[in-house]
Amino acid sequence: MFKNLKLFVFALLACCLMLTSCAEEKIYIVDIDKKVDIYFLGLDEADCIVIHAGKQTYIIDTGEKKDLEVILKHLKEFKIKEIEAIILTHPDKDHIGNATEIIKKYSVKQIYQTYYDKGSSLQKELDLIIDSSNVLNEVVKDFVKFGNERIDITIFPPLENAMNSNDSSLVVLVEVNTINFLIPGDIEEAGIQNFLKYGLKSIDVLKAPHHGRNNELSIQLYETINPDYIVVTAAELNKNLQNVVSDKKIYYTTDKEVHFMTDGINLFAK
C-alpha cells in the first residue's frame with residue numbers, strides 16, 4: 001500500500017513538471033509557406049542582420065572581424081551555401097568587418113554599398129576580393145528594390161556628399177506583406193534629415209540608428225516612424241531616447257541574438 005502511494009505521488013509530481021514545462025513553452029503560429037526569419041546577431045556593439053526568406057538568405061552588415069565565428073556558426077546552423085545579397089550600409093569596421101571572409105567562404109551573388117570610401121585596409125581587402133570574384137557590386141545612388149515571393153527589400157539612396165561615413169549610410173526597408181523592418185545603419189543628424197523627406201511612417205521594427213546614440217533629430221525620427229519594437233546593437237539606448245520610447249519593446253544584441261519571425265501578418269520576437 002505504502003509503495004503504491006509513493007509511486008502515485010512520484011507520477012503526480014512528474015505530470016506537474018510536464019505541465020509546467022508546457023505552460024512555459026511559447027507556441028508561435030505562422031504560415032510556414034510565407035515565413036521569414038530575421039536575426040539580429042548577438043554581437044558586441046556591431047551590426048549583422050541575417051534574413052532567411054524561403055530558400056534565399058540576405059545579410060545586412062557583417063560585424064567586426066572578431067565576430068566572424070558568430071556569423072559563420074549561424075550560417076552553418078542553417079546550412080547556407082549561397083547568399084543572395086549582402087548590403088553594407090557604410091564602410092565602418094563594425095559593419096564591413098567580415099564581408100571579405102564571407103565572400104571567400106560562400107557563393108555571394110550581389111553586394112550593395114554606399115559611395116563613401118574611408119580608404120581603410122578593410123575596404124581595400126573588400127575591393128580586391130570583389131574584383132577577383134564573380135560577385136556583382138553596386139554602389140547605390142538611387143532607390144534599389146529586390147526580393148522574392150516572401151519579402152521586398154528597398155534600399156534608400158544615401159545622403160549626397162556626406163561629411164562622414166555614418167551619414168552616408170544606406171537605409172534599408174524590409175517588408176513582409178504588412179510587417180516591416182527599418183535598418184538605417186549609423187545615420188546621424190544629416191542622414192536622418194535626408195531620410196525623413198521620404199515621409200515613411202509606422203514601422204514595426206526599428207534597428208536603432210548608430211547603436212542607439214542620440215542627436216538633434218533622433219527624437220523626431222523615433223516619433224515619426226513610431227516603431228513597436230526597437231533593436232539596439234549596443235548595451236544601452238540613450239537615456240533621452242528611452243524617455244521617448246518607454247512604451248516600446250526594446251531588445252539589446254549585447255544580451256543575446258534577437259530573432260523575429262513573421263508571415264507578413266503575425267510577428268513574433270524570440
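**Close-up 1. Seven strands make up an open sheet with mixed pairing.** In this predicted model, the strands of the sheet follow the order 9-10-11-12-13-14-15. Strand 9 (144–147) and strand 15 (249–252) are the edge strands. Each of them has a single partner strand, so one side of each has no neighbour in the sheet. From one strand to the next, the twist averages 15°.

**Close-up 2. Strand 14 meets strand 15 in a parallel pairing.** Here we zoom in on one end of that sheet's order, where strand 14 (residues 229–232) is joined to strand 15 by four bridges. To find your way, start from Tyr-229: its bridge partner in strand 15 is Lys-249.

**Close-up 3. Eight strands build another open sheet, again with mixed pairing.** Reading across, the order is 8-7-5-3-2-1-16-17. The edges belong to strand 8 (136–139) and strand 17 (267–269). Both edge strands have a single partner strand, so each is left with one side lacking a neighbour in the sheet. The twist from one strand to the next averages 15°.

**Close-up 4. Strands 5 and 7 run parallel, with helix 5 lying across them.** Strand 5 (residues 85–88) pairs with strand 7 (residues 110–113) over three bridges. A handy landmark is Ile-86, whose bridge partner in strand 7 is Ile-111. Helix 5 (residues 121–131) lies across strand 5, strand 7 and also strand 8. Relative to strand 7, helix 5 runs at about 145°.

**Close-up 5. Helix 6 and helix 7 pass each other in a left-handed crossing.** Two numbers are helpful for this view, because a packed helix pair is described by the angle between the axes and the distance between them. The axes of helix 6 (residues 189–196) and helix 7 (residues 218–225) come within 10 Å and cross at roughly 30°. The two helices are therefore roughly parallel to each other, since angles under 35 degrees count as such. From helix 6, the residues Ile-192, Phe-195 and Leu-196 take part in the contact. On the helix 7 side they meet Ser-218, Gln-220, Leu-221 and Thr-224. By residue type, this contact has four nonpolar residues, three polar and no charged.

**Close-up 6. Phe-156 and Phe-195 form an edge-to-face pair of rings.** The count of aromatic pairs comes to 14, and this view shows one of them. The ring centres of Phe-156 and Phe-195 are 5.3 Å apart. Their planes stand at 80°, so the pair is edge-to-face, as planes over 60 degrees apart count as such. Phe-156 belongs to strand 10 (residues 152–156) and Phe-195 to helix 6, so the pair ties together parts 39 residues apart in sequence. You have already met Phe-195 in Close-up 5, among the helix 6 residues that meet helix 7.

Notes
Residues numbered from 1 in each chain as written. Predicted model: local features only at pLDDT ≥ 70, side-chain atom pairs only at ≥ 80, totals over all residues. Heavy atoms only, no water. Pairing = 2+ DSSP bridges. Axes fitted to C-alpha atoms, helices over the stretch in contact; angles between N-to-C directions. Contact = heavy atoms within 4.5 Å. Parallel < 35°, antiparallel > 145°, perpendicular 65-115°, else oblique. Left-handed = near helix turned anticlockwise from the far one by under 90°. Nonpolar A, V, L, I, M, F, W, Y, C, P; charged D, E, K, R; others polar. Phe/Tyr/Trp six-rings, centres within 6.5 Å; stacked < 30°, edge-to-face > 60°.
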